[in-house]
Amino acid sequence: SWSQILHDQSLRRMLIIGVGINFFQQITGIEAAIYYTPTTMRQAGIQSDDLLLLASVGVGLAKVICIFISRGLLEIAGRKKLLVIGSTGMTLSLIMIGISFMANLSPITTIVGQVLFVSTFSIGLGPINWVITSEIFPLRIRGRAMSAATLMNRLCSGVVTLTLLSLSSAITIQGSYFLYAVLSFLSIVFTVGVIPETKGKSLEEIEMMLSSPNKDELLVLAQD
């Protein structure tokens, strides 16, 4: 029951990890980058329909390629390291896009920033969110916990998609990207401070690691 999940420290920790990583996957602006690529590129100064189409195709292609790269590195580098690398790249590329708009730099800078943002998302938070979410919940709470995590994911996706244009009008397009950069940086803090490394561990080992009351034991298990 929800009462059991919320009152049990280890189950609550699992829920925080699952809901938190789904929150950061969407609130950092990926849906805005995908859905509003043509709009963003027009604001950056690209008016040619052919170039807009090319930029959109480039963003989509980068996303697919980097998902396969992430899949290949998952059991080599580990989930946590890829999350930190991906979120760091996202933060830097969002800052790059914001500066490009603020300083009226070449539209090429905006395109490069957009491609880098989608690429680093697709190496880290994009695919690894679902890997970790599927690993951390024991069977007895998986249904409820997964539904809560997925609900958070979809709510944040809707908020980002529906608010980008009004947000850009309120705080400018560069302000929107700087805000996403701050949220992306917070996702790094969350990953480092809250998410354990689950590479090479069975579901039973992961549950034991998250249920351990001994902080030193938890750190040892997380680093194995």
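**A chat about an all-helix model**

Analyst: The accessible surface of the protein (Shrake-Rupley method, 1.4 Å probe) comes to about 10800 Å², and 69% of that belongs to carbon and sulfur atoms. This is a predicted model, in which local features need pLDDT of at least 70 and side-chain atom pairs count only at pLDDT 80 or more, while totals for chains, interfaces and linings use all residues. Residues are numbered from 1 along each chain as its sequence is written, and side-chain values use heavy atoms, with hydrogens and water left out.

User: How many helices and strands does the protein have?

Analyst: There are 12 helices and zero strands, where helices (H or I, at least four residues) and strands (E, at least two) are DSSP runs numbered from the N terminus.

User: And why call it as compact as a globular protein of that length?

Analyst: Because its radius of gyration, taken over C-alpha atoms, is 19 Å, close to the 17 Å that the globule rule gives for 224 residues; that rule is 2.2 Å times the number of residues to the power 0.38.

User: What share of the residues is buried?

Analyst: Buried residues, meaning those under 20% relative accessible area (exposed is over 50%, partly exposed in between, with a 1.4 Å probe and protein chains only), make up 47% of the 224 residues.

User: Switching to Ile85, where is it?

Analyst: Ile85 lies in helix 6, which covers residues 79-102, and Ile85 is partly exposed, with a relative accessible area of 49%.

User: How far apart are Ile85 and Thr120?

Analyst: Ile85 and Thr120 are 35 residues apart in sequence, while in space they are 7.7 Å apart, C-alpha to C-alpha.
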